[in-house]
Amino acid sequence: MKCRVCREKAVIDIRRHNAAFCREHFIHHCRQQVVRAMEKFDMIAREERVLVAVSGGKDSLMLWDVLLDLGYAADGLYIGLGIGEYSDASHEKAAEFAARREAHLVVVDLETSYGFGIPGGARSVRRAACSACGLSKRYVMNDAAITGGYDVLATGHNLDDEAAVLFGNVLHWNMDALVRQRPVLPASRGFVRKVKPLIRLGERETAAYSVLNGIDYIVEECPMVEGNTGLRYKAALNELETAAPGTKNQLYFGFVERALPHFEQLGAAGGAAVGECGRCGAPTTGDVCAFCRMRETAAPSAPRGAEGSEPELDPTP
Ligand code: SF4
Ligand SMILES: [Zn+2]
Ligand SMILES: [Zn+2]
């Protein structure tokens, strides 16, 4: 197996590209895939301030690493989910990376700021843990980006993630989610722009990039992952990908290029009016946003988080 570029010994092959790369050219290839995605979908302008949501995992740390290497003003955001040792270990990985890259990490701890962690929050509103977690992360990411004056929020969703979410959304014909499943979600009243620069890279590539660059990421799975339907969809797509390399790429980019414009038209025609949450002021279609409803049930006497406290800033520069 030889590198496609220099013909030296390759360290990885990427079947959907029918190509193999040595370390140096693989790293270059990954950066180029990020640049291509960002250019094609107009994700981030040169002068903009970026907040990168980092979980301590390979994808988000890789994304932060690449954006810093490309010269973007990119800070990290770590959200403490209150999931015991898993949260402690993932915080440690994010903080270590920030220190190594001399980058700035914003930390928001759910328990400190809002009075509940994911296990308790999910129990109190009888939601699946991953659903309560997704809701909380979306809320805190948006709030931290707006409060911190960032232009754009970047997340580390890769091709495998996006293809699996799309697969699930199509299986259930979840129209609202399909309308929103875009590489770039533009800013709107109360919402910061959200971008996904890793959509051209598979999970195997983000893991290899991280290992080859000495990025120490959390390998353990979150203990609450059991029952996460996304994993089933990923497993099914992995089988299809093994039989026909390029399947995930075809599914996801076929959707983005050919189907999404139709869904966007449907979305523009309908949709409930967005107002402000009576508790926190965040945009919502109801009187009180879903996050505040969960917070009030899980921790009725806790402070209101964003209103009562600024996000804690890590001491790293
Ligand atoms: S597995 Fe579920 S609960 Fe755990 S971090 Fe992911 S979304 Fe949150
Ligand atoms: Zn090479
Ligand atoms: Zn609210």
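Okay, quick one on vocabulary before we start: when I say two residues are in contact, I mean their C-beta atoms, placed from the backbone, lie within 7 Å. And keep in mind that this is a predicted model.

So, with that in hand, take Val-50. Which residues is Val-50 in contact with, leaving aside its neighbours within four places in sequence? The list is Ile-44, Leu-67, Tyr-72, Ala-73, Ala-74, Tyr-150, Val-152 and Ala-154. Val-50 also shows up in the largest nonpolar core, which has 80 residues. Along with Val-52, Leu-67, Leu-77 and Leu-153, Val-50 is among those with the most contacts inside that core. As for who feeds the core, helix 6 gives the most, with 9 residues.

Helix 6 comes back when we look at the ligand. It runs over residues 129–147 and is the top contributor to the shell around ligand 1, giving 4 residues. The full set around ligand 1 is Ile-118, Ala-129, Cys-130, Cys-133, Gly-134, Cys-222, Met-224, Val-225 and Asn-228. If you're thinking about electrostatics there, the shell has no charged residues, just 7 nonpolar and 2 polar.

Now helix 2. Of its 12 residues, 10 are buried, so call it mostly covered. Those buried ones include Asp-59, Trp-64 and Leu-67, and that last one is the Leu-67 we just met touching Val-50. What do they pack against? Helix 1, strand 3, strand 4, helix 3, strand 6 and helix 9. The geometry is well behaved too: 12 residues at 1.5 Å each should span 16 Å, and the end C-alpha atoms are 16 Å apart, which agrees. Just past the helix, Gly-71 has a positive phi of about 90°.

Helix 3, residues 84–101, is another story. Its 18 residues reach 26 Å from first C-alpha to last, close to the 26 Å expected. The buried ones are Ser-87, Ser-90, His-91, Lys-93, Ala-94, Phe-97 and Ala-98. Looking down the axis, they fall within an arc of 155°, so they line one face of the helix. The background is that an α-helix has 3.6 residues a turn, so residues three or four places apart point the same way. Over on the other side, Gly-84, Glu-85 and Asp-88 are exposed. The cover on the buried face includes helix 2, strand 4 and strand 5. After helix 3 comes Glu-102, with a positive phi near 50°.

Last stop, His-28 in helix 1. Buried, exposed or partly exposed? Partly exposed, because His-28 has 13 C-beta neighbours inside 10 Å. Its C-alpha is 9.9 Å from that of Tyr-209, although they are 181 residues apart along the chain.

Technical notes: Residues are numbered from 1 along each chain as its sequence is written. Chains are lettered from A and ligands numbered from 1 in the order in which they are written. This is a predicted model: local features need pLDDT of at least 70, side-chain atom pairs count only at pLDDT 80 or more; totals for chains, interfaces and linings use all residues. A residue is near a molecule or strand if its C-beta atom, placed from the backbone, lies within 6 Å of it. Helices (H or I, at least four residues) and strands (E, at least two) are DSSP runs, numbered from the N terminus. Ala, Val, Leu, Ile, Met, Phe, Trp, Tyr, Cys and Pro count as nonpolar, Asp, Glu, Lys and Arg as charged, and the others, Gly among them, as polar. The expected span of a helix is 1.5 Å times one less than its number of residues. A residue is buried if 20 or more other C-beta atoms lie within 10 Å of its own, exposed if 12 or fewer, and partly exposed in between; C-beta atoms are placed from the backbone. The arc is that of the directions from the helix axis to the C-beta atoms. A nonpolar core is a set of buried Ala, Val, Leu, Ile, Met, Phe, Trp, Tyr and Cys residues joined through C-beta atoms within 7 Å.
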